Amino acid sequence: MNNMLSKGQSIFSKYIGFFFLAVFFLWMKTYFVQLTQFELGIENTLQKILLFLNPLGSSILFLGIASFFKGRKKYITLMVLYFFMSFLLYANTVYYRFFNDFITLPTLTQTQNFGDVSSSVLSLLRPYDLLFFADFAFLLLMLVFKFAKIEMKDMSRRKAAAVFSLALAISCANLGLAETDRPQLLTRGFDRNYIVKYLGMYNYTIYDAVQSTKASAQRVMADSNDTTEVVNFTSSNYAEPNPEYFGIAEGKNVIYIHLESIQTFLMNYELHGEEVTPFLNSLTEDKNTLYFDNFFHQTAQGKTADAEFILENSLYGLPQGSAFTTKGMNTYQSAPGILGQKGYSSAVFHGNSGTFWNRNEIYKSFGYNHFFDSSYYELNEEDMADYGLMDKPFFEQSEQLLESLPQPFYTKFITVSHHYPYPLAEDKATIAPHTTGDKSVDNYFRTARYADEALEEFFNYLKESGLYENSVIVMYGDHYGISSNHTKAMEEVLGHEVGAFEQTGLQRVPLFIRVPGMEGGINHEYGGQIDLMPTLMHLLGVDTKDYLQFGTDLLSEGHDDVIPFRNGDFVSSTITSISGKYYDSKTGELIEDEARLKEAEEMQAVVENKLALSDKVVNGDLLRFYEPEGFEAIDRSQYNYTAPEDDSEPSNENEEQTDETSTDQEQSSTEEDTE
């Protein structure tokens with residue numbers, strides 16, 4: 001025994017021995033985490049080999065940086081690097097538990113959101129998470145108790161070069177093998193899962209930093225010539241409005257209601273013999289309401305903010321981070337800005353801090369006259385959810401604020417009660433939780449019922465106030481509420497197996513469009529959030545032909561029913577693309593017919609081009625070079641969202657931003673409201 005200890009001490013008396021022990025620990029830990037904590041879709045032997053191999057090269061490369069330091073400093077640097085890489089791995093694991101995605105550089109800039117999401121983060125922690133740092137503690141104890149002796153002699157340049165050569169050789173071999181299984185891996189990098197699966201967590205981090213830097217540089221390099229390709233694409237993909245619906249809601253108010261985390265599977269779902277969302281269910285039968293049951297969210301890392309960004313602009317959210325936080329100062333031709341120049345006032349209602357998702361800045365770029373954030377509301381402790389004011393008091397307190405707006409108005413209500421991890425006090429719950437044993441899934445149904453009840457109360461107010469019959473009401477699900485990390489529980493909820501195809505189907509979110517006098521019903525058209533803006537504009541009688549929009553009118557005969565997801569997958573009424581495989585959208589079976597595969601690949605190419613062009617618009621801020629006829633660029637300096645300091649009604653200091661061509665009656669109304 002003593003002989004074995006002495007041999008161990010002999011090995012670790014040299015820095016190179018301790019270094020490779022650290023490499024081995026980090027390699028094994030990373031491999032095990034990638035294998036067990038992430039759903040990377042490992043499908044063949046080569047992918048299994050790559051998953052095992054890919055942490056090795058990057059572990060040697062990153063930890064090898066310590067070799068350039070002298071004496072004790074190389075040990076200190078090694079331990080600092082080891083802890084940093086362990087923390088990066090752990091942070092991505094926690095992030096993935098909710099978002100089913102990996103951290104990107106832009107997400108780290110969203111620090112203003114950290115305080116608001118703290119309770120959600122705590123719910124994602126697990127007791128075994130301490131094991132993520134057990135190896136670090138072991139290595140540290142080896143140094144503290146001198147089982148590994150510190151070698152003061154510096155590593156020779158030749159040895160250091162050999163270490164880096166080994167790391168690069170392994171990494172290059174890794175990349176070469178990855179390219180054989182997934183050609184153009186780095187140039188078709190819409191899906192971060194692919195990068196982590198083939199190259200590993202640490203190489204993904206480098207890839208993400210490069211991509212983020214390139215995106216940031218695009219604005220500097222862009223000029224007016226860059227709009228040509230985008231204009232040609234959007235013009236050729238424009239869908240003529242349906243004459244049956246065009247202008248049917250002209251001059252009416254617009255009320256958007258953001259259905260936080262509501263997924264379509266909830267519709268008509270019964271739990272313990274009760275409908276979970278009886279009010280929403282009733283709207284599917286309303287004579288003036290169109291309900292779309294094949295409508296999909298298209299959000300990525302921005303989630304709620306992405307949903308808002310997409311529906312306000314008919315542009316896709318970014319592949320990394322959120323446009324709300326990184327592109328808030330861009331030029332936009334958003335719905336509130338366009339309608340504001342046609343006599344509409346506009347406002348957002350949200351019972352959370354105005355800085356959350358940088359809303360208080362980007363809304364100025366959108367042209368919103370008002371942003372009623374939490375500073376406009378009475379925030380009693382018993383009425384608060386994790387992300388702001390609960391839905392019932394939120395809608396109730398919003399009524400007076402809504403009445404302060406001159407009509408016609410364009411408004412959006414952002415609800416928060418039905419948000420992960422779905423906490424709800426017992427005295428507010430009117431349905432028992434589910435019984436899957438998965439706490440967040442079980443509670444999901446209780447907060448959904450609460451949100452449904454709050455909506456019904458708000459609709460009753462709209463009817464009593466007379467707004468109901470003079471408004472277009474659009475309600476949309478913003479993103480999934482239950483991620484694929486809860487597949488086992490969802491199989492119990494749905495009563496059938498949930499594979500990749502079924503999981504894609506669960507990305508359906510409800511869309512309701514109510515227009516007084518319009519014939520309603522259930523619409524089976526396939527569509528996504530990108531299609532909302534042109535659909536609404538055409539209902540209001542505003543043609544979108546000259547605007548750079550990537551969606552098409554859901555009610556148009558020319559509507560494009562191919563729905564791109566941010567990772568490059570897509571859904572259509574005929575073909576569904578998931579991780580490079582193509583399925584029949586009706587049967588869920590893999591497509592093997594050559595003709596249909598060719599059709600799918602053509603769709604795939606269009607999807608990737610569409611996403612790339614949208615990114616070009618957003619990253620390059622190209623709308624500053626393009627102004628549609630009849631539209632004036634939005635001037636951010638004209639907007640200020642300051643809450644009143646006293647108990648008087650909210651001031652409407654931005655009403656002068658409505659169109660100067662408004663009728664005398666509208667101008668009179670504005671003056672009265674301002675007073």
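Eight strands form an open sheet in this predicted model. Their order is β7-β6-β10-β1-β11-β12-β4-β13, and the pairing is mixed. Strands β7 (370–372) and β13 (521–523) stand at the edges with a single partner strand each, so one side of each lacks a neighbour in the sheet. On average, and with direction ignored, neighbouring strands of this sheet are turned by 15° against each other.

**Pairing within the sheet**

- Strands of a sheet pair through backbone hydrogen bonds, in either a parallel or an antiparallel sense.
- Strand β1 pairs with strand β11 (residues 471–477) in the parallel sense, over 7 bridges.
- Strand β1 also runs parallel to strand β10 (residues 409–414), to which 5 bridges join it.
- Isoleucine 257 illustrates both pairings: its bridge partner in β11 is methionine 475, and in β10 it stands opposite phenylalanine 413.
- Strand β4 (residues 289–292) and strand β12 (residues 511–514) pair in the antiparallel sense, over 4 bridges.
- In the pairing of β4 with β12, phenylalanine 292 stands opposite leucine 511 of β12.

**The surroundings of strand β1**

- All 7 of the 7 residues of strand β1 (residues 253–259) are buried, so this strand is largely enclosed by the rest of the structure.
- In a regular strand, the side chains alternate between the two faces of the sheet.
- Both faces of β1 are covered: one side carries the buried residues Asn253, Ile255, Ile257 and Leu259, and the other carries Val254, Tyr256 and His258, which are buried as well.
- Helix α16 (residues 391–403) lies across β1, β6 (345–350), β7 and β10, and runs at about 160° to β10.

**Nonpolar cores**

- In soluble globular proteins, nonpolar side chains tend to be buried together.
- The largest nonpolar core has 106 residues, of which Leu63, Ile257, Phe349, Leu402, Phe445 and Met475 touch the most other members.
- Helix α4 (residues 72–99) gives the most to this core, with 12 residues.
- Leucine 63 touches Phe19, Ala22, Val23, Leu26, Leu78, Leu81, Tyr82 and Met85, when residues up to four places away in sequence are not counted.
- A second, separate core consists of 79 residues, including Tyr245, Leu290, Ala305 and Phe371.

**Helix α12 against helix α15**

- The axes of helix α12 (residues 304–313) and helix α15 (residues 359–366) come within 12 Å and cross at roughly 10°.
- Angles under 35 degrees count as roughly parallel, and α12 and α15 are therefore roughly parallel to each other.
- Helix α12 contributes Thr304, Glu308, Phe309, Glu312 and Asn313 to the contact, while helix α15 contributes Arg359, Ile362, Tyr363 and Phe366.
- The residues of the contact of α12 with α15 comprise 4 nonpolar, 2 polar and 3 charged.

**Helix α9 against helix α21**

- Helix α9 (residues 201–221) and helix α21 (residues 594–620) pack at an angle of about 70°, and their axes are 7 Å apart.
- Angles of 65 to 115 degrees count as roughly perpendicular, which makes α9 roughly perpendicular to α21.
- The contact is made by Ala215, Gln218 and Arg219 on α9, and by Asp615, Lys616, Asn619 and Gly620 on α21.
- The residues of the contact of α9 with α21 comprise 1 nonpolar, 3 polar and 3 charged.

Terms used. Residues are numbered from 1 along each chain as its sequence is written. This is a predicted model: local features need pLDDT of at least 70, side-chain atom pairs count only at pLDDT 80 or more; totals for chains, interfaces and linings use all residues. Side-chain values use heavy atoms; hydrogens and water are left out. Axes are lines fitted to C-alpha atoms, for helices over the stretch in contact, and angles run from 0 to 180 degrees between N-to-C directions. Helices (H or I, at least four residues) and strands (E, at least two) are DSSP runs, numbered from the N terminus. Angles under 35 degrees count as roughly parallel, over 145 as roughly antiparallel, 65 to 115 as roughly perpendicular and the rest as oblique. Contact means heavy atoms within 4.5 Å. Ala, Val, Leu, Ile, Met, Phe, Trp, Tyr, Cys and Pro count as nonpolar, Asp, Glu, Lys and Arg as charged, and the others, Gly among them, as polar. Buried means under 20% relative accessible area, exposed over 50%, partly exposed in between (1.4 Å probe, protein chains only). Two strands pair if DSSP finds at least two bridges between them. A nonpolar core is a set of buried Ala, Val, Leu, Ile, Met, Phe, Trp, Tyr and Cys residues joined through side-chain atoms within 4.5 Å.
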